Amino acid sequence: MLDEMKTRWFCSQVGAMKNSMYALAIGILKNEADAEDAIQNALLSAYEHLDDLRLFDKIKPWVLKILTRECYRIADRRPNYTELDDLPDAAAPCEDLDTKASVWNAVNSLETRYRETIILFYYENLSTKEIAQILDLSEENVRKRLSRARAILRTLLDKEDFT
């Protein structure tokens, strides 16, 4: 009975973060099939190690950290991946579809270390402390990456005459 309750709770938590997981995986891997593989492997790993989770209200950063590691494992194993043409509309915070596409394209063109930081901060609304835990960085390093990523995005969006 306890395992069944644990499974239901886990499924409900994962269901609430499926868009977040997809946006992060696509942001890192830029390949739909690889992203789906990473999500599946991360969820299996998270479920198998659910007893290791100390604070149940921190499941989102914990699962996203597992997913990030899995994405890098896949990226290291498959260095030649293709660009994804389809943009996940749920990932962008803007209402206007053209704006969404422009911003997502700009974010997607960033180096992986900047892209993942932007996705986690702006799209997933995680704190710099949570991002630091997920990426195994200091909070100061996360803030520096965010600052640099914002500057690069500003330049990219200015080139597009983004308003």
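Guide: Welcome! In this structure, a helix is a DSSP run of H or I with at least four residues, and helices are numbered from the N terminus. The model you see is predicted.

Visitor: How many helices and how many strands are there in the chain?
Guide: Reading along the sequence, you meet the pattern α-α-α-α-α-α-α-α. No strand appears in that pattern. The count for the chain is zero strands and eight helices.

Visitor: Where does K30 lie?
Guide: Start with α2, which covers 18-29, and α3, which covers 32-48. K30 comes just after α2. Its place is the loop between α2 and α3.

Visitor: Does K30 count as buried or exposed?
Guide: A residue is buried when its relative accessible area is under 20%. K30 has a relative accessibility of 11%, so it counts as buried.

Visitor: What is the phi of K30?
Guide: K30 is not a glycine, yet its phi is positive. D136, another residue other than glycine, also has a positive phi, near 55°, and D136 sits in the loop between α7 and α8. N125, just after α6, takes a positive phi of about 55°. For K30, the value is about 55°.

Visitor: Why is α2 described as largely enclosed by the rest of the structure?
Guide: Among the buried residues of α2 are S20, M21, A23 and L24. Others on that list include A25, I26, G27, I28 and L29. The helix is called largely enclosed because its buried residues number nine of the 12.

Visitor: How far apart are the end C-alpha atoms of α2?
Guide: The expected span of a helix is 1.5 Å times one less than its number of residues. For the 12 residues of α2 this gives 16 Å, which agrees with the separation of its end C-alpha atoms, 16 Å.

Visitor: And what about α4: how far apart are its end C-alpha atoms?
Guide: This helix has 19 residues, and at 1.5 Å a residue they should span 27 Å. The model agrees with that expectation, since the end C-alpha atoms of α4 are separated by 27 Å.

Visitor: Which element supplies the largest share of the largest nonpolar core?
Guide: This core has 45 residues, and those with the most contacts inside it are M21, L64, L67, I118 and L120. At least two core residues come from each of α1, α2, α3, α4, α5, α6, α7 and α8. The largest share is eight residues, and they come from α4.

Visitor: Which residues does M21 touch, not counting residues up to four places away in sequence?
Guide: M21 is one of the buried residues of α2. Two of its partners, L64 and L67, are named with M21 among the core residues with the most contacts. Leaving out the close sequence neighbours, M21 touches I39, L43, V63, L64 and L67.

Visitor: Which residues does T68 touch, not counting residues up to four places away in sequence?
Guide: T68 lies in helix α4. Its relative accessibility is 3%, so T68 counts as buried. Beyond its sequence neighbours, T68 touches L24, I28, E116, I134 and L135.

Visitor: What distance separates the C-alpha atoms of T117 and R145?
Guide: T117 is found in helix α6, and it counts as buried because its relative accessibility is 0%. Beyond four places in sequence, T117 is in contact with I131, L135, V142, R145 and L146. T117 and R145 are 28 residues apart along the chain, and their C-alpha atoms are separated by 7.0 Å.

Visitor: Which element gives the most to the lining of the largest pocket?
Guide: The largest pocket holds about 430 Å³ of space. Of its 15 lining residues, L53, K58, P61, W62 and Q133 are the closest to the centre. Two elements, α4 and α7, give two or more residues to the lining. The most, five residues, come from α4.

Visitor: How many charged residues does the lining of the largest pocket have?
Guide: Sorted by class, the lining includes six nonpolar residues and two polar ones. The charged residues in it number seven.

Terms used:
Residues numbered from 1 in each chain as written. Predicted model: local features only at pLDDT ≥ 70, side-chain atom pairs only at ≥ 80, totals over all residues. Heavy atoms only, no water. 1 Å grid on protein atoms, 1.4 Å probe; cavity = no way out; pocket = protein on both sides within 12 Å on 5 of 7 lines; lining within 4 Å. Points joined across faces, edges and corners; volume = space filled by probe spheres on them. Nonpolar A, V, L, I, M, F, W, Y, C, P; charged D, E, K, R; others polar. Buried < 20%, exposed > 50% of the residue type's maximum accessible area, 1.4 Å probe, protein only. Contact = heavy atoms within 4.5 Å. Core = buried A, V, L, I, M, F, W, Y, C linked by side-chain atoms within 4.5 Å.
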